[in-house]
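Subject: Structure for your review

Dear colleague,

Please find below the structure that I agreed to pass on to you. My notes on it follow, arranged by topic.

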Amino acid sequence: MTDQTSLVLVANAGDGSISSFRFDGATLERLAVTEGLTGCSTFVVDAAQDLVYAGVKGEPAGIVTLALDRGTGILAPLSRLDLPDGGMNYLALTPGGDGLLGVSYGGGYGISCRVADGVVAEPVSRVAYPNLHSVLPSPDGRFAYLVSLGADLIAQYSIGDDLTLTPLDPPTVAAPAGSGPRHLVIDDARTSVYVLTEFSGQVLHYRRDLEAGSLEFVGSALAVDPEAGLGPSVFGEDPLAHHFIWGADLHLAGDRLWASERTTSTLSALAVSTTGEVSDAEAFVATETQPRGFAISADGRFLIAAGEKSTTVSLFAISGDRLDLIERVETGRGANWVRFV
C-alpha cells in the first residue's frame, strides 16, 4: 500500500473540470468532479492546508483558489485573481506555501505572487520571455527557474523574502537551438536540473550550483524511441500531421526519469547515474492518447497518466523500466494534468 488514503487530482481541460480520485495503493475510485474551471490545464496543491490553486482560461483568465474536502473530493472556490494578459500554463508554490510562481505560454510572461489564507495577491514581480512553459522554485525557496520554449533557454532568478525575482549572473542559460525546452525537474540532491524538450525529444542535464543557484549545461539524452521514425518538430507545425516529435511531461522517481511523447502516445524511462548523468531511454510503454501530463506517487511505485485525446487515466505499477497496467478509470475530456495529493 502507498499513502493508504491519498488522493489524486486530474485536470480535464476539455470539460473545464478537475476530477478527484481516492487511491488505496491498488485501485482508483473517482469521488467527485468539480466543474466551472474553464480550460484548466495546470494546478498546484498546498497539501498542508488542503488548498488547490488552478489556472483557468477565459476572458479574463485567472487563478482560482479552491478548498479541498478530502472526504468527498469536492473542491469549493474560495477566491480568484484575474489575469487579463493570459492564463497560466504552469503553477508552482514556494516552500511553505506563501508564494506562488506561474508562467503563461500565450502571454509570454511569468509572475511571483504572495499567498495568504488562500488568497493570491497581485504579482510582486513580472518577467517576460516568449512561450514560457514551466517554472519551479528550488527546494530551499531561494531560486526560481523559468523555461522558455520560444527562446530555447532557462531563465534563472533569486527569490527575495518579498517574492521579488532578481536575475542571476548570467540571467539565462541556453538550451540547444530549436529544441523547444518545456518541463523541468530538480533532483533530490538539488545538484541537477533536468529539462525535457518538446521539439527534439531530449532530456537536458544542467549542473546546479547550490550556493549561487546558477545552472551549467552538462549534456543530453534521447527520450524518444529512435525506431519510431519521428522527425524533429518545427515551431508552429502540426506534429501529428508530419510525424514529428512532441515531448510533453517529465518526472523523476529514484534513478529513473520518466518522459511522455504525444505523437506515439508513449512513456519512456531514462536511467540516471549516481553522479546525475542521464542515459538514452531504452524502455517505451504505450499509454493514453496524447499523454500531456502524468504523475508518480511519492514512494515511486505507481504512475498515473492522462491523455488529451482520451477520457480515461491509466494507473500503472512501476517495476524498474517496466510499467504494468493495473486499470483505466474515467476522468473527463482533455485530461492533461495529474497530481498525487
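L146 is in contact with a set of residues beyond its neighbours within four places in sequence, namely V103, G110, V127, L132, S134, V135, L153, I154, A155 and Y157. Please bear in mind that this is a predicted model. L146 also belongs to the largest nonpolar core, which has 48 residues. Together with I18, F43 and Y206, L146 touches the most other members of that core. As a general point, nonpolar side chains in soluble globular proteins tend to be buried together.

Next, the cysteines. The structure holds 0 disulfides. For C40 the reason is distance: the closest cysteine sulfur, in C113, is 16 Å away, and this is too far for a bond, since a disulfide requires the two sulfur atoms to be within 2.5 Å. Seen from the other side, C113 is in no disulfide, and its nearest cysteine sulfur is that of C40. C40 counts as buried because its relative accessibility is 0%. C113 is likewise buried, with a relative accessible area of 0%.

The backbone has several features that you may wish to inspect. Most peptide bonds are trans, and most residues other than glycine have a negative phi. Against that background, a cis peptide bond joins E59 and P60, with omega at about 0 degrees. P60 lies in the loop that runs between β5 (51-56) and β6 (61-68). A cis peptide bond also joins D169 and P170, where omega is about 5 degrees. P170 is found within a strand, β16 (residues 165-174).

Positive phi values occur at D50 and H243. D50, which is not a glycine, has a phi of about 55 degrees. D50 sits in the loop between β4 (42-46) and β5. With a relative accessible area of 22%, D50 is partly exposed, because the buried class ends at 20%. H243, also a residue other than glycine, has a positive phi near 55 degrees. The loop that holds H243 connects α1 (239-242) and β21 (247-253). The relative accessible area of H243 is 33%, so H243 is partly exposed as well.

Finally, the pockets. How much volume does the largest pocket have? The value is about 1,200 Å³. The lining of the largest pocket is made up of 39 residues, and those closest to its centre are Y90, L136, H251, R339 and F340. Two or more lining residues come from each of these elements: β4, β8 (90-93), β13 (132-137), β17 (181-186), β21, β25 (293-296) and β29 (335-340). By class, the lining of the largest pocket comprises 25 nonpolar, 8 polar and 6 charged residues.

The second largest pocket holds about 280 Å³ of space. Its lining has 18 residues, and Y105, R182, E198, W246 and R262 are the closest to its centre. The residues lining the second largest pocket divide into 7 nonpolar, 5 polar and 6 charged.

Yours sincerely

Definitions and conventions:
Residues are numbered from 1 along each chain as its sequence is written. This is a predicted model: local features need pLDDT of at least 70, side-chain atom pairs count only at pLDDT 80 or more; totals for chains, interfaces and linings use all residues. Side-chain values use heavy atoms; hydrogens and water are left out. A nonpolar core is a set of buried Ala, Val, Leu, Ile, Met, Phe, Trp, Tyr and Cys residues joined through side-chain atoms within 4.5 Å. Buried means under 20% relative accessible area, exposed over 50%, partly exposed in between (1.4 Å probe, protein chains only). Contact means heavy atoms within 4.5 Å. Helices (H or I, at least four residues) and strands (E, at least two) are DSSP runs, numbered from the N terminus. On a 1 Å grid over the protein atoms alone, a cavity is a set of points where a 1.4 Å probe fits but cannot get out, and a pocket is an open set with protein on both sides within 12 Å along at least five of seven lines; lining residues have an atom within 4 Å of a point. Grid points are joined across faces, edges and corners, and a volume is the space filled by probe spheres set on the points. Ala, Val, Leu, Ile, Met, Phe, Trp, Tyr, Cys and Pro count as nonpolar, Asp, Glu, Lys and Arg as charged, and the others, Gly among them, as polar.
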